[in-house]
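Hi everyone, thanks for coming. Have a look at the screen and we'll walk through a strand and then some empty space.

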Amino acid sequence: MSLFRRLMIVMLVVLRLLSASLCNSDKPQHSEEISELIKRLDSQRSETAVAGVLHRLLPSHSSSFLFKIIPKNVCGGQSCFWIQNYNKSTSKTPQILVKGTTAVEIASGLHWYLKYYCGAHISWEKTGGVQIGSIPKPGFLPLVKDEGLVVKRPVPWNYYQNVVTSSYSYVWWDWKRWEKEIDWMALQGINLPLAFTGQEAIWQKVFMDFGVSKKDLDDFFGGPAFLAWARMGNLHGLACFCIVMWGGPLSQNWLDQQLALQKQILNRMLELGMTPVLPSFSGNVPAALRKVYPSANITRLGNWNTVSGDPRWCCTFLLDPSDPLFVKLGEAFIKKQIEEYGDVTDIYNCDTFNENSPPTDDPTYISSLGAAVYEAMTEGDKDAVWLMQGWLFYSDSKFWKPPQMEALLHSVPYGKMIVLDLFADVKPVWKTSSQFYGTPYVWCMLHNFGGNIEMYGVLDSISSGPIEARISQNSTMIGVGMCMEGIEHNPVVYELMSEMAYRNEKVQPAEWIKVYSRRRYGKAIPQLETAWEILYHTLYNCTDGIADHNKDYIVEFPDWEPVSDPREHQESTHFILRRSLLESKTSLPQPHLWYPTEEVIKALSLFLDAGKYLSESLTFRYDLVDLTRQALSKLANDVYLKAVDAYQKNDVEALDVHSQKFIQLIKDIDELLACDDNFLLGTWLKSAKSLASNPQELTQYEWNARTQITMWFDTTTTNQSKLHDYANKFWSGLLEDYYLPRAASYFDHLRKALLDKEAFKLEAWRKEWISYSNEWQAATNPYPVTAQGDSLSVATKLYVKYLSKELVI
């Protein structure tokens, strides 16, 4: 029996096991207000948009499927898709009929069929792309059983994006890339996406209507790579062109370009039946508004993560929601969006208090603020619904105690606020807040910070958490969502989380991931099935409750002063480091490690053994590079600690050995990453420069792109930005030219301190490093945009060089 036939049999068995949980769900119960909102926003659109998705994904099969919109009453009043046979044996007319209550449901049904009947896999291009080689030729597609497969949504909405994803991931995208993303969204069943692109052009029009000049707005908007934080009131630009001040100002070309792009994005979302979430007014205003409205209640906010609180970019201005001007500006902004885009939504995001606490914890005052924010929305759109990220209830829980939470959540009519339980995959707030005190909410997976590259997941949580929340007593859950800060990594996590929008019962991750591995590579290979079983129990089953922000020492090199004391020579590294932490002026960051590294190395050895079967598979090569990088990065953490231990013991020879090994690891990992197009610094920089229309923008955009992933700029000569390396990346070029010189310089200073019998001069190192970083950020040297080298050969070489001896069998 061929591998293909065996794969098909496995898929059919899985489908039979799934059918009970997918087809027999009871109709979910929602309040009358939520039901009316769903009915009002439901947009069937046409089947033509889904045909476009199919043609872009699988042009050879454009005639193999027929799509049809059906009313909800066919599925008991729920959103659903229905896969049926149409014509059993022909290559010229459709074989498979996919019906759905909206175009998104049809696209989801198409994806479900391709996955579970044809063994295909679809992920982001930067995570290996698609595996469609397992799909039979037109005329030979697998048939569905009996009357087909009906899958209903247990909750109405599938939300997507974080307010900062637009900067960490989307900032340099053109329409070609956005079109691919919206196709991916539709196939994943996403029907409630955030749509934040181009809002600065709307704000320009609004603020100029209120008497603020275009020149004054140059001081308000941040540079392209920092717009997310300017929108939140965390920082602002400068009123003169200077590429070292948060990357601004924004040119009129940028504003016009992004507005046109937003219209394309919204049109496609609407064609597919999605409900976009637009921004609303949070109170963040330009400094110049104080001059135009001197009596307005405008206050300056405090310092947000800057080194010195420099007013040139720190401490933005907030218009108090209780001021009458707040409602006027909020109304004008929403009406201007409707004027530009049409009546495309009733759901608006506002996060006035995200990392910005109200001036008092008085519940009555907080309630009045919430009511004013909502009034500003409804003056612009009478049917407006406020969607709010619930991050503040976790990150600032000392302020947001039950009285304050309830005051804000109940400050608007019931059904007019939806809360995103942003970190529900690790720290669910719904459990500790009586279901957000009765407020409708979306169960969300946060997963990623800063767009860091780290193999990490909580598959047990996401395969059961949404079900547990939905069936809990007095549940107010109305959706699931993905709220990662950055995308294009860990495709296994996002595929399972997307499926939870259609799952009525808990998923068994061990069984699911076995089928996933076969679909991802198009073959059932025993070594990879065993490897993925290991990865599920290690990398992808974190249970320590720690937010996974990559702090591996290669990409977030410690800015601290290890203490050298001969009296500590006989103590272990653990106690030396512990004492050093107490004595040093700054803390040593602790990389997240939640699994036994030898198990992951064992999985890597299985991947390498499977390489002979999958040498041409892009999905396999991506996973191999990522897994090898993961193992080597954790090894580098141990090497760094040994170097520090040697310094603390005044052992120059050992310091040389371990520091040189650390440097060599950086070089070797860079070589590994260079083998895959998806791990290149050059592609990030190229996408930034491609949006420029003149030399000035070319320089500005590249500085923005380089700075966001490295220093964040607001340094002094001897103090790094507090956010340095927050958005660190394992990208070839960045390791060799940025992370390596930093580590080499630091170790050189440690070595000199030992040889000269002097204390380590931390400030001297900082001055040298910050100067280098500033020069690198302002540089314009090109980096490769295509892969160089064979990933399987390089991964094998590095495994033998570094990891084979680490493996404990």
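So, which residue in β8 does Tyr 159 stand opposite? Opposite Tyr 159 in β8 stands Leu 192.

Quick housekeeping: this is a predicted model, where local features need pLDDT of at least 70, side-chain atom pairs count only at pLDDT 80 or more, and totals for chains, interfaces and linings use all residues. Residues are numbered from 1 along each chain as its sequence is written, and side-chain values use heavy atoms, with hydrogens and water left out.

Tyr 159 belongs to strand β7, residues 157–160; strands here are DSSP E runs of at least two residues, helices H or I runs of at least four, numbered from the N terminus. Trp 157 and Tyr 159 point one way, Asn 158 and Tyr 160 the other, and all are buried, that is, under 20% relative accessible area with a 1.4 Å probe, protein chains only.

β7 pairs with β8 (residues 192–193) in the parallel sense over two bridges; pairing takes at least two DSSP bridges. With β17, residues 477–482, β7 is also parallel, over four bridges, and there Tyr 159 has Gly 481 as its bridge partner.

Now the empty space. A cavity is a set of points on a 1 Å grid over the protein atoms alone where a 1.4 Å probe fits but cannot get out, and lining residues have an atom within 4 Å of a point. There are nine cavities of 30 Å³ or more. The largest holds about 350 Å³, volume being the space filled by probe spheres set on the points, which are joined across faces, edges and corners. Its lining has 26 residues, with Gln 199 and Arg 231 among those nearest the centre. Helix α7 (199–209) gives the largest share, four residues.

Methods:
1 Å grid on protein atoms, 1.4 Å probe; cavity = no way out; pocket = protein on both sides within 12 Å on 5 of 7 lines; lining within 4 Å. Buried < 20%, exposed > 50% of the residue type's maximum accessible area, 1.4 Å probe, protein only.
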